[in-house]
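Biologist: I should like to learn how the features of a two-chain model are read, one at a time. Where should we begin?

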Amino acid sequence: MSVEHDLLVAISKTFGLFFLIALSIAVLIYTFWPSNKERFDRAAQSILRDDDRPMPVDHQPDRDSYTGYLTTGHEWNGIKELNTPVPRVVYFFLTLAFLFSVGYWILMPAWPLGVTYTKGLLGNDQRRIVAASLRDAAGDRSSWTKKIETESYATIQSDRGLMEIVRETGHTLFDNNCAVCHGLDAKGGPGFPNLTTSSWLWGGKPEDIFNTIRVGINSAHKDTHVSQMPAFGRDQMLPRADVLKVVAFVYSLSNPGAKDLDPNAEAGRKIFAANCVACHGEDARGNPEVGAPNLTDKLWIYGGDLESIDTTVWGGRQGHMPTWENRLSDLDRKILTLYVLDKRTATP
Amino acid sequence: MSIFGFHYRLERKAIGLVLGIIVVASIGGLVEIAPLFTIHQTVEDAPDMRLYTPLELAGRNIYIREGCYACHSQMIRTLRDEVDRYGPYSLAVESKYDHPMLWGSKRTGPDLARIGEKYSDQWHVAHLNNPRDVVPVSVMPAYGWLLTTELRTDDLPLHLKAQRAVGVPYTDDMIANAALDAYGQTNPDSPQAEGVTKRYGKATTVRAFDGQPNRLTEMDALVAYLQILGRLTDAAHTPIAEAGANK
């Protein structure tokens with residue numbers, strides 16, 4: 001197959017090329033041969049002979065006897081062309097469109113005038129329209145936004161009507177802003193906390209949650225929560241053997257049954273006491289003041305198996321939550337707080 | 001018949017008809033395009049407008065290379081639902097240094113005009129690596145190789161130069177240090193990091209975007225670009241009522 005293809009290419013590049021060049025030269029010579037000139041000119045002009053003259057000024061085209069319309073005055077081998085007039089309805093709508101555009105020019109922003117433009121009598125401006133519609137929307141919602149802004153969390157939570165609104169509005173807000181990390185069901189994912197539990201890094205009271213949404217964690221906000229789990233292994237704060245021991249100990253906290261499997265666990269208690277209690281507490285139940293998680297429960301952000309804990313202790317963790325202060329209003333953040341709290345009670 | 005007489009005569013002259021078509025067609029162009037260069041309100045003033053750093057520009061090139069613009073727009077229109085969802089509508093000045101502009105015309109994914117700093121770097125890295133890991137319903141392709149591909153920096157001065165040729169005010173100093181600045185922006189502890197903030201302003205984000213301070217990958221560049229979107233100027237965040245065209 002490839003031989004045939006190569007052969008074809010070779011032929012077309014040699015013989016075929018010369019053939020085409022010779023053919024086009026022959027055609028050119030034939031075309032410009034002096035004795036052929038008259039014949040070709042006649043051929044070129046034949047169908048235009050009657051047509052290619054300016055129409056006389058007083059030319060009166062014939063009227064077609066069958067339709068009663070004028071003809072264009074041209075004739076091709078005895079065939080005449082009707083000059084059918086444009087239907088009246090087209091002129092009607094053309095005029096209507098023209099009048100509309102004149103009205104539009106007067107009422108709406110339309111014509112450029114050098115360094116500015118005509119603003120139109122209505123003074124319409126897309127930016128003002130969207131600002132007005134946002135204001136209208138806020139006005140429509142004010143019957144319940146006022147209540148949510150001013151009432152306490154407990155009052156809103158006990159008001160069924162308001163909570164219906166929180167669930168509906170909060171769902172949209174959560175989908176748009178929070179769900180990419182925390183999941184559509186708010187149950188989190190690897191590296192992103194589950195919000196439906198009772199375990200909260202920075203406190204689970206409504207005010208705490210509202211504040212966390214406002215300032216974020218390790219964010220660009222000036223009052224941001226700062227949480228830095230050091231890289232005990234990578235930054236050589238602990239030798240590898242000690243890391244393994246403390247990992248085993250931490251693992252045993254949430255897996256009491258597995259203790260006897262790991263002889264290092266007890267040895268890790270001392271290392272834990274020396275390095276970890278400052279943040280995670282003596283009882284390892286964490287500290288919401290510094291965002292240190294409770295290590296004794298089954299809830300893990302970065303995974304609770306031995307390997308994951310080892311990765312965490314070795315390389316540290318600096319989770320990041322953006323600040324929402326400039327992106328979402330106080331009202332939006334309060335709705336989100338209530339929404340998240342509602343998720344928690346709904347699915348413990 | 002009489003009002004069409006002129007047209008009948010014109011139709012019979014090929015050159016005359018062509019010239020006539022050009023004149024009529026150019027009226028539309030003149031009325032619609034020329035005023036954009038003279039009317040002041042067309043592009044707003046934004047004295048605080050920053051330049052893309054070399055790293056962000058490289059990320060922008062990756063964004064174009066991977067065809068992100070085919071599914072993501074970068075323009076929030078002046079419509080209530082868009083402002084409600086994405087934030088303040090886009091201003092012309094925000095695309096002042098976008099050559100070519102990436103407004104886009106189709107959204108398979110969401111608009112990205114204000115995505116900058118909305119999500120964390122970790123999220124962007126996880127999401128670009130495999131969108132399904134963080135958003136199970138996503139139909140976006142995975143871009144895993146970005147995390148392992150070294151960013152090409154030797155041609156960055158040329159990219160800056162090309163941008164300068166079309167009106168972006170990069171200085172000679174910026175062009176000469178483009179490759180070093182790209183490295184410095186992803187490595188806050190390196191001596192090169194200082195030059196980035198010196199040349200591009202204090203507000204420049206200097207971080208290990210892909211979580212690996214010692215490596216300069218394409219992921220660094222793309223995440224740096226995504227995190228700057230909508231943050232080159234605060235012009236769009238002035239109260240909407242004041243930002244009307246009739247100042």
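**Reading the model, feature by feature**

Modeller: We may begin with a single polar contact: in chain B, a polar atom of the side chain of B:Thr186 lies 2.9 Å from the backbone oxygen of B:Tyr183. Please bear in mind that this is a predicted model.

Biologist: Where is B:Thr186 placed in chain B?

Modeller: B:Thr186 sits in the loop that runs between helix H10 (178-185) and helix H11 (192-200) of chain B.

Biologist: Is B:Thr186 buried or exposed?

Modeller: Burial is judged from relative accessible area, and a residue under 20% counts as buried. B:Thr186 has 0% relative accessibility, so it counts as buried.

Biologist: Which residues does B:Thr186 touch, apart from those up to four places away in sequence?

Modeller: Its partners are B:Leu55, B:Arg207, B:Ala208, B:Phe209, B:Pro213, B:Arg215, B:Leu216 and B:Asp220.

Biologist: Let us turn to chain B as a whole. How many helices and strands does chain B have?

Modeller: Chain B has 12 helices and 0 strands. Its elements, read from the N terminus on, are therefore α-α-α-α-α-α-α-α-α-α-α-α. The radius of gyration of chain B is 23 Å, whereas the globule rule gives 18 Å for 247 residues; the chain is therefore more spread out than a compact globule.

Biologist: What does the C-alpha trace of chain B span along its principal axes?

Modeller: The trace spans about 80 × 45 × 40 Å. As for burial, 45% of the 247 residues of chain B count as buried. One may also ask how far apart in sequence the contacting residues are: among contacts in chain B between residues at least 6 apart, 69% join residues at least 24 apart.

Biologist: How should the interface be read, and how many residues of each chain are in contact?

Modeller: One may take the contacts, then the area, then the polar pairs. On the contact count, 34 residues of chain A meet 34 residues of chain B. The area buried between chain A and chain B is about 3,100 Å², with carbon and sulfur atoms giving 55% of it. Of the area that chain A buries against chain B, 21% is supplied by A:Arg127, A:Val180 and A:Arg327, more than by any other three residues.

Biologist: How many salt bridges does the rule find across the interface of chain A and chain B?

Modeller: The rule finds 1 salt bridge there. The side chains of A:Arg127 and B:Glu44 form a salt bridge, at 2.7 Å from N to O. Between chain A and chain B, 9 residue pairs are in polar contact, both residues being at pLDDT 80 or more.

Biologist: Which elements of chain A give two or more residues to the side that touches chain B?

Modeller: They are strand S4 (116-117), helix H4 (126-150), helix H6 (160-177) and helix H7 (179-182) of chain A. H4(A) gives the most, with 8 residues. By class, that side of chain A has 16 nonpolar, 11 polar and 7 charged residues.

Biologist: How many salt bridges does the structure hold over all chains?

Modeller: The structure holds 30 over all chains. To read one, note both the distance and the place of each partner. A:Glu164 and A:Arg167 form a salt bridge, with their closest N and O atoms 3.2 Å apart. The two are 3 residues apart in helix H6 of chain A, which means a separation of about one helical turn. A:Glu164 is partly exposed at 48% relative accessibility, and A:Arg167 is partly exposed at 35%.

Biologist: Which residue of helix H13 of chain A pairs with A:Arg167, and how far apart in sequence are the parts that the pair ties together?

Modeller: The residue is A:Asp342; A:Arg167 lies in helix H6 of chain A, so the pair ties together parts that are 175 residues apart in sequence. Their side chains meet in a salt bridge at 2.7 Å, N to O. A:Asp342 is buried, with a relative accessible area of 15%.

Biologist: What separates A:Asp242 and A:Lys245 in helix H9 of chain A?

Modeller: They are 3 residues apart in helix H9 (residues 240-254), and thus separated by about one helical turn. Their salt bridge has its closest N and O atoms 3.8 Å apart. In chain B, salt bridges that share partners join B:Arg77, B:Glu82, B:Arg107 and B:Asp111 into one network.

Key: Residues are numbered from 1 along each chain as its sequence is written. Chains are lettered from A and ligands numbered from 1 in the order in which they are written. This is a predicted model: local features need pLDDT of at least 70, side-chain atom pairs count only at pLDDT 80 or more; totals for chains, interfaces and linings use all residues. Side-chain values use heavy atoms; hydrogens and water are left out. Contact means heavy atoms within 4.5 Å. Buried area is the accessible area (1.4 Å probe) that two parts lose on being put together, summed over both. A salt bridge is a side-chain nitrogen of Lys or Arg within 4 Å of a carboxyl oxygen of Asp or Glu. A polar contact is a pair of N or O atoms within 3.5 Å; within protein, one must be able to donate a hydrogen and the other to accept it, and residues adjacent in sequence count only if both atoms are side-chain atoms. Helices (H or I, at least four residues) and strands (E, at least two) are DSSP runs, numbered from the N terminus. Ala, Val, Leu, Ile, Met, Phe, Trp, Tyr, Cys and Pro count as nonpolar, Asp, Glu, Lys and Arg as charged, and the others, Gly among them, as polar. The radius of gyration is taken over C-alpha atoms; the globule rule is 2.2 Å times the number of residues to the power 0.38. Buried means under 20% relative accessible area, exposed over 50%, partly exposed in between (1.4 Å probe, protein chains only).
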